[in-house]
Amino acid sequence: MATQFQHRLVGTLVLVSLGVIFLPDVFDGEKAHYQENYEAIPLREDFDTELLTAPVEAPEDVEAFMPQEPVTVTINESTDSPESEPAAVAQVEASAPKAGYQDSAWIIRLGTFRNIENAKNLVSTLRGKGYPAQLMPRDVKQGELARVEVGPNVSKDKLEAMTADLESLTGLKGQLLRFNPLNP
């Protein structure tokens, strides 16, 4: 037989649980229900289904080359007869190199890093000291490598003077290389 204390305990638990369940709804007040207004986008009726089944052509490989000398392009428009449309004629002339022009810009490659965080820290240190440093990521089969480079600069002498300062600052002996903008 159950004791009087057990009956009171069960009754108290039932009343407390009912209070926990229903009293928040009673005291919550009036609830405002918000409904967003939206309009459905109508389907396009005149859609061409042949576009979905058309094969995608592979991109073309084009061989590109850079001329050895700087090139100047001039366009002449000739109007020989008033009835015909003017024809544009392009003449390509090789111009002489400008005074002080060098073949290429130069960079200092300080190193190639496997740990990208170390490379980012080195670049931020160099930029803080006023050097034009950048991080050049490169995908390699073993993993992602990152090169730290300073430059590019047209003056090879300025970069050669920077190498001693960079070596004392970072402890890395930089390599002076030609800058290739097409394949960095």
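1. Overall order. From the N terminus on, the elements run α-α-β-β-β-α-β-β-α-β. That gives four helices and six strands in the protein. The model is a predicted one. The points below take the fold as a whole, then helix α3, then strand β5, then the aromatic side chains.

2. Burial and contact range. The protein has 184 residues, and 14% of them count as buried. Among contacts with a separation of 6 or more, 58% are between residues 24 or more positions apart. One pair separated in this way along the chain is Glu117 and Ala146, with their positions 29 residues apart in sequence and 9.7 Å from C-alpha to C-alpha.

3. Helix α3, length. This helix covers residues 116–128, 13 residues in total. From first C-alpha to last, α3 reaches 18 Å. The expected value, at 1.5 Å a residue, is 18 Å, and the model comes close to it.

4. Helix α3, buried side. Which residues of α3 are buried? They are Ala119, Leu122, Val123 and Leu126. Their arc around the axis is only 100 degrees, so they sit on the same side of α3.

5. Helix α3, start. Asn115 deserves a look here. One of its side-chain oxygens comes to within 3.1 Å of the backbone nitrogen of Glu117, at the start of α3. Glu117 is itself found in α3. Its relative accessible area is 48%, so Glu117 is classed as partly exposed.

6. Helix α3, end. Just after the helix, Gly130 has a positive phi of about 100 degrees. For context, most residues other than glycine have a negative phi.

7. Strand β5, the cis bond. Where is the cis peptide bond? The bond in question runs from Gly151 to Pro152, with omega near 5 degrees. Most peptide bonds are trans. Pro152 belongs to strand β5, which spans residues 143–153.

8. Strand β5, Glu149. This acidic residue lies in β5. Is Glu149 buried or exposed? Its relative accessible area is 2%; a residue counts as buried under 20%, so Glu149 is buried. Leaving aside neighbours within four places in sequence, the contacts of Glu149 fall into two stretches of numbering. One holds Ile107, Ile108 and Arg109. The other holds Pro132, Ala133, Gln134 and Met136.

9. Polar partners of Glu149. Two arginines are to be checked. The side chains of Glu149 and Arg109 are joined by a polar contact of 3.4 Å. Arg109 is also in the contact list of Glu149. A polar contact of 3.4 Å likewise joins the side chains of Glu149 and Arg147.

10. Arg147. Its place is in strand β5, the strand that also holds Glu149. Arg147 has a relative accessible area of 7%, so it is buried. Its side chain makes the polar contact with Glu149 already described, at 3.4 Å. Glu149 and Arg147 are thus each buried, at 2% and 7%.

11. Aromatic side chains. How many aromatic pairs does the structure hold? The count is zero. One ring does have a charged partner to inspect. Lys156 lies over the face of Trp106, at 4.4 Å from the ring centre.

Technical notes. Residues numbered from 1 in each chain as written. Predicted model: local features only at pLDDT ≥ 70, side-chain atom pairs only at ≥ 80, totals over all residues. Heavy atoms only, no water. Helix = DSSP H or I, 4+ residues; strand = E, 2+ residues; numbered from the N terminus. Expected span 1.5 Å × (residues − 1). Buried < 20%, exposed > 50% of the residue type's maximum accessible area, 1.4 Å probe, protein only. Arc of directions from axis to C-beta. Polar contact = N/O pair within 3.5 Å; in protein donor to acceptor, adjacent residues only side chain to side chain. Contact = heavy atoms within 4.5 Å. Phe/Tyr/Trp six-rings, centres within 6.5 Å; stacked < 30°, edge-to-face > 60°. Lys NZ or Arg CZ within 6 Å of the ring centre and 35° of its normal.
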